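The following exercises are to be worked with the sequence and the three-dimensional structure in view. Each task is followed by a solution in steps.

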Amino acid sequence: MGLENIQYGASQELTQNPPDSEDPERLLGGSVVLTRLESVVNWARKYSFFLYPFITACCGMEFMSVAGPRYDLDRFGAALPRFSPRQADLMMVVGTISHKQAPILVKVYNQMTEPKWVFAFGVCAVSGGFYDNYATVQGIDTLIPVDVYVPGCPPRPEMVIDGFLKLQQKVAKERWSDWPRGASPVTPANMC
Amino acid sequence: MNASVTLNRLAERFPGSIIDTHSHRGDDTAVVKREDIRAICAFLREDEGLLYNFMMDLTAVDYLGQEPRFEVVYHLYSLKYNRRVRIKVRVPESDCFIDSVVPVWPCANWFEREVFDLYGVSFNDHPEMRRILLYEGFEGHPLRKDYPIKKRQPLIGPIN
């Protein structure tokens, strides 16, 4: 591949791991591309996220900023928020999650079809933030598996984009055997 | 102390029920006996000279270490006379209940549930005395001063 190693995360991934077999491609006159199906599927997935915005708090304004034209998540293939979990594969958990909302979050997560990823946006979703109190879930990873943690109160759009690129790198490395993850378990009352 | 119209009327009608009153800077306040709260509220609402038809707020205070420990506070407003009054009732921890005023002001329903939820003061004859803000299965009443600040509650599972 003739690409230079430029600094953007997604391209970096491409140049560090060149396609498996360059010689056969050359032998076949460049009219055929040989690769692993897994890589192609991951490549398609990582540039085609459909977001489910689970937005509960002030971080939502920052999410609007990063999704809007100035920072423009569309450049990374994540343009379209879907307001049905059935049509989404990336859950953006943006804001504070209270214990009373926790069942709703788990239910929405379990309604999404696999493969699916979870993006913890802002310090409240990551760890509860400064809401260390009786009402707030201390990090959504106590409820559902999280792929990317982006702290900040709220995070700058640059941080979100960085987290997004990291998610793309993660998706590019996935194997068939990583899926399905199955439904998110419910923590029994005596475990906490 | 300039006793107001409201406090005078109350003292006239319920001489044995008023424990204390004051009108500090025009804020009429009466501390009354727990047993008579509903009769007093009904009187404040219905009396032609008072007509406290708007129950603005109902809340509670936890005076940890004092006896009686809790205080339920009613903020009332008369739309007709543009007057306000505060009614306070002390409630002991050992015997933590008070008569509901939902029959007087239906809007007290959710306020009383909130007080029950966060302070654990329960209300007699309330139509639906259960938690309103927190979930079923929550242990304790978090606005009590002796609620452990780092206490972790059981997580709840998906609905149904």
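Two strands pair if DSSP finds at least two bridges between them. Helices (H or I, at least four residues) and strands (E, at least two) are DSSP runs, numbered from the N terminus. The model is predicted: local features need pLDDT of at least 70, side-chain atom pairs count only at pLDDT 80 or more, and totals for chains, interfaces and linings use all residues. Residues are numbered from 1 along each chain as its sequence is written, and chains are lettered from A and ligands numbered from 1 in the order in which they are written.

**Exercise 1. Describe the sheet of chain A.**

Step 1. List the elements. Chain A has seven helices and four strands, which follow one another from the N terminus as α-α-α-β-α-β-α-β-α-β-α.

Step 2. Find the strand order. The four strands make an open sheet, β1-β2-β3-β4 in chain A, with parallel pairing. Its edge strands, each paired on one side only, are β1 (51–55) and β4 (148–150) of chain A. From one strand to the next, the twist averages 15°.

Step 3. Examine one pair. In chain A, strand β2 (residues 90–94) and strand β3 (residues 117–121) run parallel and are joined by five bridges. Met91(A), for instance, has Val118(A) in β3(A) as its bridge partner. In general, strands of a sheet pair through backbone hydrogen bonds, either parallel or antiparallel.

**Exercise 2. Determine how helix α7 of chain A is placed against α3(A) and α4(A).**

Step 1. Compare the axes, which are lines fitted to C-alpha atoms, for helices over the stretch in contact; angles run from 0 to 180 degrees between N-to-C directions. The axes of α3 (residues 37–46) of chain A and α7(A) come within 8 Å and cross at roughly 160°. For α4 (residues 59–67) of chain A and α7(A), the axes come within 9 Å and cross at roughly 70°.

Step 2. Classify the angles. Angles under 35 degrees count as roughly parallel, over 145 as roughly antiparallel, 65 to 115 as roughly perpendicular and the rest as oblique. Therefore α3(A) and α7(A) are roughly antiparallel to each other, whereas α4(A) and α7(A) are roughly perpendicular.

Step 3. Identify the contacts; two residues are in contact if their C-beta atoms, placed from the backbone, lie within 7 Å. Glu62(A), Ser65(A) and Val66(A) of α4(A) meet Pro157(A), Val160(A) and Ile161(A) of α7(A). From α3(A), Asn42(A), Trp43(A), Arg45(A) and Lys46(A) meet Gln168(A), Val171(A) and Ala172(A) in α7(A).

**Exercise 3. Locate unusual backbone geometry and state how exposed the positive-phi residues are.**

Step 1. Recall the rule. Most residues other than glycine have a negative phi, and most peptide bonds are trans.

Step 2. Find the cis bonds. The bond from Glu114(A) to Pro115(A) is cis, with omega near 0°; Pro115(A) sits in the loop between α5 (102–111) and β3 of chain A. The bond from Trp179(A) to Pro180(A) is also cis, with omega near -5°, and Pro180(A) lies in the segment after α7 of chain A.

Step 3. Find the positive phi values. Asp72(A), in the loop between α4 and β2 of chain A, has a phi near 60°. Arg25(B), in the loop between β1 (18–24) and β2 (27–32) of chain B, has a positive phi of about 50°.

Step 4. Assess exposure. A residue is buried if 20 or more other C-beta atoms, placed from the backbone, lie within 10 Å of its own C-beta, exposed if 12 or fewer, and partly exposed in between. Asp72(A) has 14 such atoms within 10 Å and is therefore partly exposed. Arg25(B) has 5 and is therefore exposed.
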